[in-house]
Amino acid sequence: MYRIWNSCRSHIQFGPFNSTLQKRWKKPAVTAQTRLENRTRDLKLDKLAAQYKKLKLILNLHHLLSTRRRGPFVSVQLMSRWNSILGLNTATGAFLRKYPHIFEVFTHPVKRNVCCRITKKFKGLLQEEDNVIRELELENVARLKKLLMMSRNGTLHVHALRLIRRELGLPEDFRESIFLKYSSVFKLIDLEVVVLVDRDKGLNVAEIEKWREREYREKWLSEFETKYAFPINFPTGFKKGAGFREKLRNWQRLTYVKPYERKEAVRVRTCGGIERFEKRAVGILHELLSLTVEKMVAVERLVHFRRDYGIEVNIRELLLKHPGIFYVSTKGNTQMVFLREAYSGGILVEPNPVYVVRRKMMDIILLGVRNTRQLKIQKEIKEETEIDVNCNKNGAGSGDGDFAIPILERFSIHYPANDLSDIGDISKEWSH
């Protein structure tokens with residue numbers, strides 16, 4: 001018995017540092033994922049993010065249709081195979097029935113299969129958006145100059161700009177129409193890196209500094225309170241814990257290197273170095289979002305600017321750490337970050353021409369199947385009654401040539417444009 005006790009005593013040692021007997025309490029880790037799960041939701045911005053997901057899906061589909069060699073149309077059978085590419089989870093027929101003001105469904109005059117194309121109304125809005133972007137060429141030049149002035153070396157990767165081209169309101173060929181056209185301002189290195197030739201001192205004022213000046217003049221606040229402050233707008237239902245107000249007040253007064261200032265980098269190991277380094281990153285992200293058309297961008301695309309802007313922290317965690325300035329929505333396939341001060345009730349406070357056109361697109365999407373009869377009445381009626389199909393005009397074979405493209409324009413009156421009653425079952429069979 002004594003031997004058994006000694007053997008057990010040798011294996012089990014009592015003491016304050018015995019890890020086998022004591023379970024030390026650990027403070028729960030606060031990570032980007034936990035902040036994302038525990039954040040206060042903004043239902044209006046979430047709803048707006050879900051609407052933009054639908055618009056993005058339709059724009060991607062339009063891009064696929066516009067690249068078709070035989071014309072800007074596609075059979076519903078082939079469209080059902082694009083579900084994995086577009087990220088479409090519903091049946092093709094149900095999706096087309098949902099947006100009759102955007103998709104025009106007709107029967108092919110030769111092959112007699114059901115096809116789909118974009119309506120003239122939606123194409124008109126796309127053309128209007130392109131015209132507005134072309135008219136704002138000088139503003140786009142100034143926007144690109146400001147983006148380059150924020151970088152550490154005055155350089156940016158063209159790939160990063162291409163990823164947020166639509167958010168910045170740039171034309172699709174911005175490398176040729178802006179960078180090469182204004183060669184005295186921008187210089188391309190290896191066609192993938194753009195360099196700012198000369199800094200424009202008239203553009204080194206950030207949007208947040210304009211807000212601070214208004215706060216100082218209109219509300220008669222002291223310079224100490226507004227010199228380094230950010231507009232804070234928490235979502236409804238946000239809970240402020242003990243000591244939160246004091247921490248926020250100290251952070252608002254904390255000095256930092258502003259986005260367009262060319263000072264030495266902040267030393268992280270100095271007193272308040274980490275906080276000032278993060279506040280500079282917040283200022284850069286705030287200015288980047290302010291330069292976008294709709295004051296929002298996908299979080300995953302901001303990562304491509306980390307190296308050029310010298311942001312060495314987790315961007316998503318930094319955005320979630322400041323819920324009064326940014327809001328991250330998880331609606332859709334990507335996480336979208338919104339600039340909270342720019343929105344009121346889910347609507348942009350200061351709209352711009354590009355935003356107005358895109359709101360028209362959104363209104364058509366939200367219209368759904370309403371006013372479909374009115375759409376049919378307003379459809380153009382062509383007076384041609386006879387169609388002469390000359391298959392051998394250019395020596396092409398029957399059935400597979402491009403001769404069917406002009407025929408489709410003539411046949412739009414003979415076949416109902418939005419008759420989708422029999423597509424649901426057909427698309428299901430094709431999807432299987």
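# Exercises on a predicted model

Lys295 sits in the loop between α15 and β7 (296–298). Keep in mind throughout that this is a predicted model.

**A backbone angle in two loops**

Task: Work out what is notable about phi of Lys295, and whether Lys295 is buried or exposed.

Solution:
- Start with the backbone. Phi of Lys295 is near 55 degrees, which is a positive value in a residue other than glycine.
- Now check the surface. The relative accessibility of Lys295 is 17%, and the cut-off for buried is under 20%. Lys295 therefore counts as buried.
- Then look at Leu191, in the loop between β5 (186–189) and β6 (193–196). Leu191 isn't a glycine either, yet its phi is positive, at about 65 degrees.

**How far to trust the chain**

Task: Find where in the protein chain confidence is lowest and where it is highest.

Solution:
- Get the overall picture. The protein chain averages a pLDDT of 79, and 77% of the residues score at least 70.
- Go to the extremes. The lowest confidence is in helix α21 (residues 404–410), with a mean of 40. The highest is in strand β9 (residues 336–339), at 96.
- Look for a longer weak stretch. Over residues 377–432, pLDDT stays under 50. For that stretch the model has 73 contacts beyond four places in sequence.

**The overall fold**

Task: Say how many helices and strands the protein chain has, and what share of its residues is buried.

Solution:
- Count the elements: 22 helices and 11 strands.
- Take the burial figure: of the 432 residues in the protein chain, 43% are buried.
- Ask how far along the sequence the contacts reach. Take those between residues at least 6 apart in sequence, and 69% of them join residues at least 24 apart.
- Pick a pair that shows such a reach. Gln33 and Glu317 are 284 residues apart along the chain, but their C-alpha atoms are separated by 8.1 Å. Gln33 belongs to helix α2 (residues 32–37) and is partly exposed, with a relative accessible area of 37%.

**The nonpolar core**

Task: Identify which residues of the largest nonpolar core touch the most other members.

Solution:
- Begin with the principle. Nonpolar side chains in soluble globular proteins tend to be buried together.
- Read off the core. It has 103 residues, and those touching the most other members are Phe95, Phe103, Phe122, Leu147, Leu161 and Phe186. Helix α3 (residues 43–66) gives the largest share of this core, 10 residues.
- Zoom in on Phe186. Beyond four places in sequence, its contacts include Val141, Leu144, Leu148, Ile178 and Phe179. Lys145 is also one of the contacts of Phe186, as are Val194, Val195, Leu196 and Val197.

**A serine in a loop**

Task: Decide whether Ser151 is buried or exposed, and what its side chain reaches.

Solution:
- Place Ser151: it falls in the loop between α8 and β4 (155–157).
- Check access. Ser151 is at 0% relative accessibility, so it counts as buried.
- Follow the side chain. A polar atom of it lies 2.6 Å from the backbone oxygen of Leu148, and the side chain also reaches the backbone nitrogen of Thr155 at 3.1 Å.
- Add the partners beyond four places in sequence: Ser151 touches Leu156, Arg262, Asp308 and Tyr309.

**A buried glutamate**

Task: Find which side chain makes a polar contact with the side chain of Glu278.

Solution:
- Locate Glu278 in helix α15 (residues 273–290). With a relative accessible area of 17%, Glu278 is buried.
- Look at its contacts beyond four places in sequence: Val313, Leu318 and Lys321.
- Pick out the polar one. The side chains of Glu278 and Lys321 make a polar contact at 3.0 Å.

**Pocket and cavity**

Task: Work out which residues are closest to the centre of the second largest pocket, and what lines the largest cavity.

Solution:
- Take the pocket. Its volume is about 1000 Å³. Of its 33 lining residues, Arg35, Phe238, Phe244, Lys321 and Pro323 are the closest to its centre.
- Trace the pocket lining to its elements. α2, α14 (244–253), α15, α18 (315–321) and β8 (326–329) each supply at least two residues. The largest share, five residues, comes from α14.
- Turn to the cavity. There is one cavity of 30 Å³ or more, and the largest holds about 40 Å³ of space.
- List the cavity lining: Ile133, Arg134, Glu137, Asn140, Pro171, Ser177 and Ile178. α7 (120–135), α8 (137–150) and α11 (174–180) each supply at least two residues of that lining.

Definitions and conventions
Residues are numbered from 1 along each chain as its sequence is written. This is a predicted model: local features need pLDDT of at least 70, side-chain atom pairs count only at pLDDT 80 or more; totals for chains, interfaces and linings use all residues. Side-chain values use heavy atoms; hydrogens and water are left out. pLDDT is the predictor's confidence in each residue, from 0 to 100. Helices (H or I, at least four residues) and strands (E, at least two) are DSSP runs, numbered from the N terminus. Contact means heavy atoms within 4.5 Å. Buried means under 20% relative accessible area, exposed over 50%, partly exposed in between (1.4 Å probe, protein chains only). A polar contact is a pair of N or O atoms within 3.5 Å; within protein, one must be able to donate a hydrogen and the other to accept it, and residues adjacent in sequence count only if both atoms are side-chain atoms. A nonpolar core is a set of buried Ala, Val, Leu, Ile, Met, Phe, Trp, Tyr and Cys residues joined through side-chain atoms within 4.5 Å. On a 1 Å grid over the protein atoms alone, a cavity is a set of points where a 1.4 Å probe fits but cannot get out, and a pocket is an open set with protein on both sides within 12 Å along at least five of seven lines; lining residues have an atom within 4 Å of a point. Grid points are joined across faces, edges and corners, and a volume is the space filled by probe spheres set on the points.
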